[in-house]
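Student: Please take one strand of this structure and look at it closely with me, and then lead me from there to the other parts worth examining. I would like a careful, connected explanation.

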Amino acid sequence: MRDESRSNPLPGDVKAAIRQMKQQLRARIGDVDGLFRQVCDNIVAAIAEAKAEEQRCGTAWPSVTMQAIARHQVSDETRALIRRRGCVVIREHFSREQALAWDKSMLDYLDRNHFDECYRGPGDDFFGSLAASRPEIYPIYWSQAQMQARQSEAMAQAQSFLNRLWTFESQGQQWFDPDVSVIYPDRIRRRPPGTCSKGLGAHTDSGALERWLLPAYQQVFAPLFRGNFAAYDPWDAAHRTLVDEYDLPGTTKCSVFRTFQGWTALSDMIPGQGLLHVVPVPQAMAYVLLRPLLADVPEDELCGVAPGRVLPISEEWHPHLIAGLCSIPALQAGDSVWWHCDVIHAVAPVENQQGWGNVMYIPAAPLCDKNRAYAHRVAQALEQGRSPGDFPPEDYETGWQQRFTLADLNARGRRALDLT
């Protein structure tokens, strides 16, 4: 069940709310066209730099090793590059042998519990669905493999490193604890060789319509909405932990603040085989937010935004951003990839995929009041084997054999669910 005490009802007349918001923002900003030109020039230059590096080096993604993170040996130069690009690959986050063993155990878990026989199809259309005998995204949350990775020392160290790239103390307040991340159980992807997939179009998560209409998001983007792009810092956590998404029946949402979204590879990843792409410019959110205020967008529309869906990025409305998509490099099983919560991302289509494309989604969600509240609900879902509250209540695992249980939590896992 969702936590109704934190629910944000959708405005009764969404189109009227959009029209009113646009009038208010235009009055506050003043020269919207001039501000958008400034933002566009900045984003285009940053994209050109990233694309040049991709051409020169094969990838625009920064990378670090897990060993360097564990030994606190990541240079200031590398940290600055990660902040500039808003994304990073962590090499050898787990050993290749460990990742492949987890991948096998996931398959064994699915087969032992006859998932093919009980699968009922997608529980929502948040991203759309793919026609296949098995899904590409599996609504499975409580396997031993997933939970072992989530509560591991290596994951805790990586999440702390990532959280500390943010300014988490500002405006006289500490917005989150960077050294503790709650467990946010998400699904897995299993894509076998030979797969044909349409991928996922460019988008951002963690709020779409909310980014314009909710008061807390107005505070997050206040410098931009006052016309001061230079003062806008996508790495300042101020007010982000106070944001909640609209609570709409039958939709997937995110009830936590994630500094980074991420996944861990359970198979080797080959370039050109339906890989993750990002626009490696965290400030690009400024372009997205200002674009609907221009005169060519209908007054009651937001460039394709719809309640209860991801925030779409399209060639029609955001051509400069679409041109900036950059692929992750080749990965080995055990590597992980991470991207800032505002970063635009997409999954490329693939035909007749070569090799497996298996991942488990694990983000960085640092401890704060908002995330603690959801962690309590996660602990209840784990105890019962039910789907977590942010996801459709499919509840496949309630009676499954070899499911991870509360008794299997180690000290880090208990702390991550606020059970200590």
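**From one strand outwards**

Tutor: H203 stands opposite P312 in β11. Please keep in mind that this is a predicted model. Strand β8, which covers residues 200-204, pairs with β11 in the antiparallel sense, and two bridges join them. This pairing is part of an open sheet of five strands, which are antiparallel in their pairing and follow the order β11-β8-β14-β10-β12. The edges are taken by β11 (311-312) and β12 (326-327), and because each of them has a single partner strand, one side of each is left without a neighbour in the sheet.

Let us turn next from strands to a helix. In α4, which spans residues 76-85, the buried residues are L81, I82 and R85. Looking down the axis of α4, we find these buried residues within an arc of 100 degrees, so they line one face of the helix. Their packing partners are α2 (32-57), β1 (63-65), β2 (87-91) and α8 (153-163). Just after α4 comes G86, whose phi is positive, at about 75 degrees.

On the other side of this helix, in the loop between α3 (66-70) and α4, we find H72. Most residues other than glycine have a negative phi. H72, however, has a positive phi near 55 degrees, although this residue is not a glycine. With a relative accessible area of 71%, H72 is exposed, since exposed means over 50%. A second residue of this kind is Q402, whose phi is positive and near 60 degrees, and which is likewise a residue other than glycine. Q402 lies in the loop between α14 and α15, and its relative accessible area of 52% makes this residue exposed.

The loop that follows α14 (369-384) and leads to α15 (411-416) also holds D395. The side chain of D395 makes a polar contact with the side chain of R386, at 3.3 Å. When residues up to four places away in sequence are not counted, D395 touches R386 and S387.

Aromatic rings offer another way to see how parts of the chain come together, and the structure holds 19 aromatic pairs. In one of them, the ring centres of F176 and F257 are 6.0 Å apart and the planes stand at 40 degrees, so the pair is tilted. F176 belongs to the loop between β5 (173-174) and β6 (177-181), while F257 belongs to the loop between α11 (222-225) and β9 (260-265), so the pair ties together parts that are 81 residues apart in sequence. Both of these residues, F176 and F257, are buried. The pair of W235 and F260 is tilted too, because the ring centres are 5.7 Å apart and the planes are at 45 degrees. Here W235, in the loop between α11 and β9, is linked with F260 in strand β9, 25 residues away, and both W235 and F260 are buried.

Ring pairs also join Y109, F115, Y119, Y138, Y396 and W400 into a cluster. One member of that cluster, W400, can be compared in position with H114: the two are 286 residues apart in sequence, and 9.3 Å apart in space from C-alpha to C-alpha. H114 sits in the loop between α5 (96-112) and α6 (115-118), and this residue is partly exposed, with a relative accessible area of 45%.

Technical notes
Residues are numbered from 1 along each chain as its sequence is written. This is a predicted model: local features need pLDDT of at least 70, side-chain atom pairs count only at pLDDT 80 or more; totals for chains, interfaces and linings use all residues. Side-chain values use heavy atoms; hydrogens and water are left out. Helices (H or I, at least four residues) and strands (E, at least two) are DSSP runs, numbered from the N terminus. Buried means under 20% relative accessible area, exposed over 50%, partly exposed in between (1.4 Å probe, protein chains only). Two strands pair if DSSP finds at least two bridges between them. A polar contact is a pair of N or O atoms within 3.5 Å; within protein, one must be able to donate a hydrogen and the other to accept it, and residues adjacent in sequence count only if both atoms are side-chain atoms. Contact means heavy atoms within 4.5 Å. The arc is that of the directions from the helix axis to the C-beta atoms. Rings of Phe, Tyr and Trp (its six-membered ring) pair if their centres lie within 6.5 Å; planes under 30 degrees apart count as stacked, over 60 as edge-to-face and the rest as tilted.
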